[in-house]
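Biologist: Please give me a close look at one part of this model, the places where chains touch. Just talk me through it.

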Protein chains: 4
Amino acid sequence: MSSNFGEVFRISTWGESHGGGVGVVIDGCPARLPLSEADIQPDLDRRRPGQSDIVTPRKEADECQILSGVFQGRTLGTPISIMVRNTDARPSAYTEMQTMYRPSHADFTYQAKYGIRNWEGGGRSSAREAIGRVAAGAVAKKILRTLHPGIEILSYITAIHDISVAIDPLAVTSEAIEANSVRCPDAATAAAMIERIKEVRSDGDSVGGVLECVVRGCPRGLGEPVFDKLDADLAKAMLSLPATKGFEIGSGFAGSKLRGSEHNDPFRIVDGQVRTTTNLSGGIQGGISNGEPIVFRVAFKPTATISRAQDTVTVTGENASLAARGRHDPCVLPRAVPMVEAMTALVLVDHLLRQRAQDALPREE
Amino acid sequence: MSSNFGEVFRISTWGESHGGGVGVVIDGCPARLPLSEADIQPDLDRRRPGQSDIVTPRKEADECQILSGVFQGRTLGTPISIMVRNTDARPSAYTEMQTMYRPSHADFTYQAKYGIRNWEGGGRSSAREAIGRVAAGAVAKKILRTLHPGIEILSYITAIHDISVAIDPLAVTSEAIEANSVRCPDAATAAAMIERIKEVRSDGDSVGGVLECVVRGCPRGLGEPVFDKLDADLAKAMLSLPATKGFEIGSGFAGSKLRGSEHNDPFRIVDGQVRTTTNLSGGIQGGISNGEPIVFRVAFKPTATISRAQDTVTVTGENASLAARGRHDPCVLPRAVPMVEAMTALVLVDHLLRQRAQDALPREE
Amino acid sequence: MSSNFGEVFRISTWGESHGGGVGVVIDGCPARLPLSEADIQPDLDRRRPGQSDIVTPRKEADECQILSGVFQGRTLGTPISIMVRNTDARPSAYTEMQTMYRPSHADFTYQAKYGIRNWEGGGRSSAREAIGRVAAGAVAKKILRTLHPGIEILSYITAIHDISVAIDPLAVTSEAIEANSVRCPDAATAAAMIERIKEVRSDGDSVGGVLECVVRGCPRGLGEPVFDKLDADLAKAMLSLPATKGFEIGSGFAGSKLRGSEHNDPFRIVDGQVRTTTNLSGGIQGGISNGEPIVFRVAFKPTATISRAQDTVTVTGENASLAARGRHDPCVLPRAVPMVEAMTALVLVDHLLRQRAQDALPREE
Amino acid sequence: MSSNFGEVFRISTWGESHGGGVGVVIDGCPARLPLSEADIQPDLDRRRPGQSDIVTPRKEADECQILSGVFQGRTLGTPISIMVRNTDARPSAYTEMQTMYRPSHADFTYQAKYGIRNWEGGGRSSAREAIGRVAAGAVAKKILRTLHPGIEILSYITAIHDISVAIDPLAVTSEAIEANSVRCPDAATAAAMIERIKEVRSDGDSVGGVLECVVRGCPRGLGEPVFDKLDADLAKAMLSLPATKGFEIGSGFAGSKLRGSEHNDPFRIVDGQVRTTTNLSGGIQGGISNGEPIVFRVAFKPTATISRAQDTVTVTGENASLAARGRHDPCVLPRAVPMVEAMTALVLVDHLLRQRAQDALPREE
């Protein structure tokens with residue numbers, strides 16, 4: 001049950017970094033959606049390794065194949081199975097992982113939990129696992145756009161290491177984000193970030209950062225109090241991604257330093273609609289979307305696998321030192337952008353369909 | 001499905017702030033656990049209103065009653081129904097909520113989602129809803145202590161408004177936390193925090209803050225990759241509480257500014273056990289507990305309902321001004337402490353039972 | 001998770017026959033449904049003990065109380081908690097159950113599973129547990145009637161012991177069913193059935209029988225292939241009721257003796273609609289309702305608790321003989337009628353809301 | 001969510017009869033189970049078409065491939081993805097299904113529900129869908145045998161059309177069942193059944209029948225009252241298989257004609273164990289296994305697709321006549337045997353793991 005996500009639009013992902021491949025089964029996708037591999041591949045391409053000179057050079061085309069659930073170009077309402085083969089797996093680069101645990105990686109905890117682990121690469125804890133999420137997220141995005149044409153989900157980097165920049169979530173564009181390899185929409189900051197990433201890589205080290213995500217045009221009324229609040233489900237979705245250490249929505253941690261009179265978002269009638277004049281709530285109040293842009297941030301730690309020597313232990317219980325080989329991202333954030341968007345789309349489409357189910361009786365208005 | 005939480009140890013909470021009462025049904029509680037109201041009441045008392053001079057004066061004894069699932073002092077393995085009656089409900093104090101939406105409260109979004117809302121108080125979005133969580137959390141804590149006698153869950157306030165203090169999660173004690181009404185284990189800081197809360201209340205205003213939680217003695221191996229990672233489920237649990245704006249584990253947002261070589265927790269063999277010499281991971285790696293203390297922080301916004309006049313709109317679409325009456329906490333954090341502990345216990349007990357189910361086959365060791 | 005039923009319209013029942021009471025929490029009920037105790041009480045009255053001279057004389061008014069989820073006569077979209085107190089519990093009548101297992105009752109298996117059981121009556125395995133189902137079923141029926149005014153769910157007895165009668169599911173009426181205490185719509189057969197039940201009761205014995213249920217006016221398209229087929233969910237719902245031994249839909253077991261050319265239901269266009277000229281399918285094809293009446297039958301065994309002496313064993317492992325005291329139904333079927341209707345309504349409303357969620361995209365037609 | 005089955009050992013199946021293939025993802029499989037394709041293929045071979053002269057001649061090797069979740073011959077505790085490619089798909093044989101609905105098949109209801117259907121064969125309603133179930137069932141069986149070496153699940157045919165035979169569920173062997181192509185362990189009856197199947201096939205017709213299943217050596221205490229009773233989950237599992245019309249456990253429908261004194265299974269102490277001297281309960285009491293053999297029967301209707309001409313309608317609403325082409329089984333029962341065993345194993349392993357989770361506290365005994 002741990003590789004299932006969603007209540008009505010439910011995905012089951014599978015696959016290890018080294019093995020036959022990775023994939024996803026989507027259950028609960030509405031019928032009659034036009035769908036082909038061409039809807040999915042662009043997001044996979046934004047996630048795949050080897051796409052730029054600041055990510056891992058592992059060579060994977062990550063070409064997806066739809067195996068079921070689509071007939072003559074439209075979804076059948078039956079499960080959609082999507083698969084990507086692993087092609088450039090090099091288990092030989094990981095032989096030292098057979099005998100040692102990488103510090104702050106999942107090697108030790110997987111062994112503790114399961115009594116076994118696939119030491120040829122990250123196994124299930126690898127970022128390759130996210131391929132299934134990104135593929136399903138592309139389907140989710142298409143449903144969202146079909147039902148709410150104005151909806152836009154954009155995520156982008158606002159900090160790498162100690163280089164940060166404030167981005168206006170109302171104005172940011174996909175073009176600006178995709179204009180550089182680090183996916184920070186501010187070109188000057190992006191250049192500095194790229195420089196920093198290259199620097200730490202040449203040091204055999206890694207860096208973390210902060211990613212922001214905005215959903216513009218989200219309909220009101222999504223989110224299910226009390227446990228499945230929209231922000232609670234987004235928090236879970238984000239913390240389920242590898243290397244994440246924090247989540248905040250709207251004002252976030254900084255909001256805890258304000259008074260109520262400063263923090264509350266006043267309501268005003270604008271063009272006959274109830275709107276807020278500020279958005280410290282981040283588009284969600286009481287766990288339900290209020291129609292304002294949803295804005296949240298995710299903290300990513302520096303990549304755990306580095307080539308510098310570190311203290312660790314062997315699987316047989318001796319202290320040791322490890323300088324990891326293998327091909328790794330010096331910074332996970334650029335490739336995390338499509339993952340965050342995918343998880344956001346998955347949360348939103350599930351809540352949208354759930355709200356359709358619940359909102360069954362006629363309204364007076 | 002929105003008021004259900006947990007996969008194996010599953011709770012269903014119910015109730016509004018104004019109505020017959022609030023409660024919880026626990027499904028999946030192991031049989032043969034000694035249990036009575038006396039196990040539950042202490043945590044409810046830590047949550048109840050009127051417990052000190054910095055919380056709402058609403059007078060509720062919050063006495064719980066176990067209606068099923070217990071026989072001759074032990075659990076039957078059948079659902080445990082626990083109820084608390086509402087006694088000091090004063091809907092008349094909320095008549096203005098009938099016609100206006102409180103800024104940054106859930107009034108507007110509930111109306112948008114459901115087309116109806118209980119305007120006599122916060123309804124389902126009230127902090128009274130947490131009574132069911134706290135009651136179930138007390139049961140969860142007792143199971144955890146029975147199966148892992150060394151386990152301790154402690155949460156405490158580290159910041160109120162701009163007053164903050166660093167607390168050592170390894171050393172903090174329940175006694176120090178409960179020694180003052182704000183539940184900050186540092187006495188001097190607590191006094192300043194209490195002063196600040198009284199100050200803003202007399203201003204008709206409110207403040208937020210940050211709460212930290214530590215789990216000591218948690219067994220290794222809890223957490224289910226990839227979606228039900230232990231930190232992901234904790235993040236959801238925390239963001240499902242009212243007034244929360246952020247969650248971070250271990251190094252959190254600050255960790256995003258470190259290099260991998262600084263952030264990784266080196267492994268060492270200590271007393272024959274694999275331990276880490278630092279704990280920036282916060283006790284969870286790859287979504288699975290590693291046996292080190294689990295440490296996370298939650299950001300709470302200032303209470304939305306304040307008595308100062310604020311811009312808002314009426315339910316019929318006119319701009320208006322609202323100075324809220326009713327009895328409200330000027331700061332939610334002191335009463336959030338038992339809520340956070342309860343949600344933490346619910347996440348842990350669910351994962352502990354899930355791990356029992358999965359770890360079915362003999363281990364070589 | 002064992003006392004939860006439904007995916008979108010989800011109920012959690014609780015309670016033992018002897019204890020504080022029994023009840024249900026409904027999560028996922030659409031908002032704005034007019035609802036009060038008066039909508040629920042009639043079905044509880046059809047289930048309650050003491051309603052006629054062929055059922056147990058235990059005196060329970062079974063008056064229900066709605067504790068949450070309803071405001072000013074309409075549902076809020078929040079969980080609806082409904083409770084019925086136990087009043088005429090007589091644990092003293094069950095002291096022998098403390099030391100012996102009733103043959104074919106749940107005493108032994110509960111002890112084997114849980115290592116504890118409430119021996120004061122049937123505990124959780126008592127028919128009182130069904131109160132929560134019947135109450136939730138009444139809410140489900142009201143939603144169904146609101147969304148599909150023509151829908152009717154009727155169940156009735158077609159066999160008691162070896163007395164049986166064929167009833168036309170297209171013509172049967174609620175009035176005919178409720179016209180006698182055994183709830184068989186054929187008056188003459190009903191009289192014979194009642195006679196038989198009284199006979200076996202005076203013998204210290206019990207009888208079983210067969211119940212049929214028809215759903216008329218069910219919309220097409222309900223049921224979720226492949227596991228949550230509508231007939232599969234009905235089968236589970238029925239077998240989850242105490243004392244059931246079998247379920248069959250449409251032609252059932254008899255259908256296994258036909259050839260395909262005899263069994264297939266030919267399609268014809270009638271009034272512009274696709275209809276079948278026979279209904280051996282019982283209204284469901286491929287797990288999905290086809291718009292024809294849904295017809296199924298449920299086999300109930302004779303009540304296990306009888307006053308005749310029977311061979312059994314003690315809890316300490318000695319052979320023994322037991323002649324049960326306590327107040328028991330000589331035949332469970334008359335009171336099973338509202339239970340079957342309730343479970344049917346719960347299955348249908350859940351699938352109706354699920355279909356609303358899934359059928360999200362525009363249809364060409 | 002409709003293609004997910006199980007709570008703790010959860011499978012997600014996918015695939016249509018004509019398309020890329022069919023498969024299953026197993027989530028929640030315990031780690032460290034020795035597993036390879038060789039454990040799965042034998043059951044797939046018992047299900048596959050073309051295995052004898054009384055089943056469809058479609059030529060599919062149904063060779064399975066494990067794509068994830070297994071490392072060096074043992075399960076990792078991560079999702080196990082298993083795939084079988086479709087190779088002998090002949091959509092051209094189904095062109096008439098594009099314009100007409102087969103009577104009593106799922107064509108019409110799929111169209112009504114989804115507004116689209118894969119008319120190249122049965123699509124998702126095809127018996128090929130069961131491949132995922134059978135593959136997952138083989139994994140489930142291996143876990144069951146590992147944890148309870150004495151457990152045996154055997155299913156066999158007891159009736160084809162009006163030819164039936166009583167089989168002793170305590171004595172039946174796998175060898176006797178597999179000794180003939182119809183899988184009836186009584187050789188003489190089997191010969192007559194095979195004759196009958198060939199006869200109706202040459203008539204362009206089909207037949208149904210009854211299948212019995214026995215589980216010997218099942219541990220006590222499996223099944224979760226009240227909704228997830230073991231018999232309720234078995235009923236759902238069976239009715240989720242194509243062409244099933246009924247389910248009965250133990251005495252079944254015939255049991256409804258007995259008196260309590262005849263139907264109750266007396267308890268006796270045998271070799272220090274609580275046993276029953278009869279087994280009309282069919283091994284389950286109060287929804288929980290009691291340690292006696294679990295015995296149930298499933299009714300299958302005659303195959304819907306026949307080559308005789310039948311009345312039907314076109315997709316555009318005209319009356320028509322259809323004599324189906326394509327390759328179909330004249331009787332589904334022989335190939336249903338491994339499907340029933342697989343679904344039984346899936347139900348049992350899920351309940352076994354759930355019981356492990358719940359039975360967490362020490363027992364007095």
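Modeller: Start with the symmetry: a turn of 180° and a shift of 0.0 Å along the axis lay chain D on chain C with an RMSD of 0.0 Å (least squares on the C-alpha atoms of residues with pLDDT of at least 70 in both). The two copies are thus related as by a two-fold rotation axis. Keep in mind that this is a predicted model, where local features need pLDDT of at least 70 and side-chain atom pairs count only at pLDDT 80 or more, while totals for chains, interfaces and linings use all residues. Residues are numbered from 1 along each chain as its sequence is written, chains are lettered from A and ligands numbered from 1 in the order written, and side-chain values use heavy atoms, without hydrogens and water.

Now for chain D against chain A. Each of them puts 43 residues into the contact (heavy atoms within 4.5 Å). Together they bury about 3,400 Å², with 58% of that on carbon and sulfur atoms; this is the accessible area (1.4 Å probe) lost on putting the two parts together, summed over both. The rule finds zero salt bridges across this interface, a salt bridge being a side-chain nitrogen of Lys or Arg within 4 Å of a carboxyl oxygen of Asp or Glu. On chain D's side, strands E2 (10-15), E3 (21-27), E6 (74-75) and E7 (80-85) each give two or more residues (DSSP runs, at least two residues for a strand and four for a helix, numbered from the N terminus). E2(D) has the largest share, five residues.

Chains A and B do have salt bridges between them. Asp203(A) pairs with Arg259(B), the closest N and O atoms being 2.8 Å apart. This pair runs from the loop between helices H5 (187-202) and strand E10 (209-216) of chain A to the loop between helices H8 (252-255) and H9 (260-263) of chain B. Asp203(A) is partly exposed at 35% relative accessible area, whereas Arg259(B) is buried at 18% (buried is under 20%, exposed over 50%, partly exposed in between, with a 1.4 Å probe and protein chains only).

Lys236(A) and Asp233(B) make another salt bridge, at 2.7 Å. The lysine sits in helix H6 (230-239) of chain A and the aspartate in helix H7 (230-239) of chain B, so the pair joins two chains. Lys236(A) is buried at 11%, and Asp233(B) is buried at 10%.
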